[in-house]
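Please open the model in your viewer with the sequence panel beside it, and keep a selection tool at hand. The tour below goes from stop to stop, saying at each one what to select and what can be found there.

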Amino acid sequence: MSRLQLFCHGRLSWGLLALSGVALEIAALFFQYVMDLSPCVMCIYVRVAVLGLILAGLIGMLQPKVWIFRFIGLLSWAVSSVWGFSLSYELNDMQVNPSPFATCSFYPEFPSFMPLDVWLPSVFSPTGMCSDSPWTFLSVSMAQWMMVCFAIYGLIWFVMLVPSLKTGKNNL
């Protein structure tokens, strides 16, 4: 097996995916509670997409040598990356082109079987407006940085796709 294939079939690769997602969630909570920046509904949805990346990493870590676990992890990773990029793009559009007709809801619309805003309101309850963009770094907004992050996740997913799906000698 190639080095990349060995890396994809190991726990380290999946652990790094989960750990990077945890780092983004911690950063979001830092912005919210230390820098006092209120998250909007779209920000909360982006947090859920990052949670999907964490779960993808954890799924892959369960049994990284078993093909089906890698496949489910890759599928979750792809969906979370694309959805997160789409949400970040939409939020950026609301901030760059504000319109009274294109606003986001003040209340999240989670499914009834998974009301994250009720279960963990300190993390998943919005308190800000989508049109606000109070933070920038190098003249790039938070929504734009998240677009970059999700694009990088997508690029890494693309690089890892084929080596992850190849089965080794002792893999199922």
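Is G52 buried or exposed? Select G52 to begin, bearing in mind that the model is predicted: G52 is buried, with a relative accessible area of 14%, and this glycine lies in helix α3. Keep G52 selected and add A78, which is 26 residues away along the chain, and the distance tool should give a separation of 9.5 Å between the two C-alpha atoms.

**The whole chain**

Now zoom out and colour the model by secondary structure, where you can count 7 helices and 2 strands. Following the chain along its sequence, you will pass through the pattern α-α-α-α-α-α-β-β-α. If you then colour by accessibility, the buried residues make up 41% of the 172 residues in the protein.

**Helix α2**

Select residues 11-33, which form α2, and view the helix from the side. This helix has 23 residues and reaches 32 Å from its first C-alpha to its last, which is close to the 33 Å expected at 1.5 Å a residue. Showing the side chains of the buried residues of α2 will bring up, among them, W14, L17, L24, E25 and F31.

Stay on this helix and select Q32, which also lies in α2. Q32 counts as buried because its relative accessibility is 10%, under the 20% cut-off for that class. Add R47 to the selection, and you can draw a polar contact of 2.9 Å between the side chain of Q32 and the side chain of R47.

**The second largest pocket**

Which residues lie nearest the centre of the second largest pocket? Select L17, S20, W77, Y153 and I156, which hold that place among the 13 residues of the lining. The elements that give two or more residues to this lining are α2 and α7, the latter covering residues 142-165. Of the elements involved, α2 gives the most, with 6 residues. Turn on a surface here if your viewer offers one, since the pocket has a volume of about 230 Å³. Colouring the lining by residue class gives 11 nonpolar residues, 2 polar residues and no charged ones.

**The loop after α2**

Move on to the loop between α2 and α3, the latter helix spanning residues 41-62, and select D36, which is found in that loop. D36 is exposed, with a relative accessible area of 63%. Check its backbone as well, for the phi of D36 is near 60°, a positive value in a residue other than glycine.

**Two cysteines without a disulfide**

Why do C40 and C43 not form a bond? Select both residues and draw the distance between their sulfur atoms: the sulfur of C40 has its closest cysteine sulfur in C43, at 3.2 Å, which is too far for a bond. A disulfide would require the two sulfur atoms to be within 2.5 Å, and the structure holds 0 disulfides. The surroundings of the two cysteines can be compared by their accessibility: C40 counts as buried at 2%, whereas C43 counts as partly exposed at 22%.

**Contacts across the sequence**

The last stops are pairs of residues that are separated along the chain, and each can be checked with the distance tool. Select V48 first, which is found in helix α3 and counts as buried at 15% relative accessibility. Then add L116, which is 68 residues from V48 in sequence but 9.0 Å from V48 in space, C-alpha to C-alpha.

For the final pair, select F71, which is found in helix α4, residues 67-96. F71 is partly exposed, with a relative accessible area of 34%. Adding S164 completes the tour: F71 and S164 are 93 residues apart in sequence, while their C-alpha atoms are 7.8 Å apart in space.

Note on methods. Residues numbered from 1 in each chain as written. Predicted model: local features only at pLDDT ≥ 70, side-chain atom pairs only at ≥ 80, totals over all residues. Heavy atoms only, no water. Buried < 20%, exposed > 50% of the residue type's maximum accessible area, 1.4 Å probe, protein only. 1 Å grid on protein atoms, 1.4 Å probe; cavity = no way out; pocket = protein on both sides within 12 Å on 5 of 7 lines; lining within 4 Å. Points joined across faces, edges and corners; volume = space filled by probe spheres on them. Helix = DSSP H or I, 4+ residues; strand = E, 2+ residues; numbered from the N terminus. Nonpolar A, V, L, I, M, F, W, Y, C, P; charged D, E, K, R; others polar. Expected span 1.5 Å × (residues − 1). Polar contact = N/O pair within 3.5 Å; in protein donor to acceptor, adjacent residues only side chain to side chain.
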